[in-house]
Amino acid sequence: MFTDLLKDKIFNAWVIPALSTGVISSLIGGTDRLIESLSAVGAALLILLPVYFLKGIAAGDVKLFMSAASFLSVSDTLSCILISFLIAGAISVAVIIFKRNKQKTIHFAVPVLISVLFVMGGVI
């Protein structure tokens, strides 16, 4: 999230090791957990790829979500995606109201972090 805020970029040097760690740790958890992890990563890719092609989010955001999904179940991943877009929408409305700048983009890593914390923390 910090590199997205400071440099407008999510570096592969962060997301690839995170994705690898999630998949490897799920492998340690057994075959069922590995399948769940890979299914969550695939679900994140299938849902977010069309959004990327429509210029709704950047490629780094898709990779960030895939790395987060490697630690989650499919249902948790779907919840995080939905919550992230709701949070991003709320942030966008706030930016439009307070900044009156319709060309301003938001950093999607912030809603991703908040949604993962909510889901992993059991809030949602």
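**Group meeting: a walk through an all-helix count**

Hi everyone, let's begin with how contacts spread along the protein chain. Among its contacts with a separation of 6 or more, 66% join residues 24 or more positions apart, a contact being heavy atoms within 4.5 Å.

A word on the source: this is a predicted model, where local features need pLDDT of at least 70, side-chain atom pairs count only at pLDDT 80 or more, and totals for chains, interfaces and linings use all residues. Residues are numbered from 1 along each chain as its sequence is written, and side-chain values use heavy atoms, with hydrogens and water left out.

Now the fold. The protein chain has 6 helices and 0 strands, taken as DSSP runs (helices H or I, at least four residues; strands E, at least two) and numbered from the N terminus. In order, that reads α-α-α-α-α-α.

How about overall dimensions? Along the principal axes, the C-alpha atoms fill a box of roughly 50 × 30 × 25 Å. The radius of gyration is 15 Å, which agrees with the value near 14 Å for a compact globule of 124 residues; this is taken over C-alpha atoms, and the globule rule is 2.2 Å times the number of residues to the power 0.38.

Of the 124 residues, 33% are buried, meaning under 20% relative accessible area with a 1.4 Å probe, protein chains only.

Let me finish with one residue, Ser26, in helix H2 (residues 12-28). Is Ser26 buried or exposed? Ser26 counts as buried because its relative accessibility is 1%. Leaving aside residues up to four places away in sequence, Ser26 touches Arg33, Leu34 and Ser37. Thanks, everyone!

Definitions and conventions
Buried < 20%, exposed > 50% of the residue type's maximum accessible area, 1.4 Å probe, protein only.
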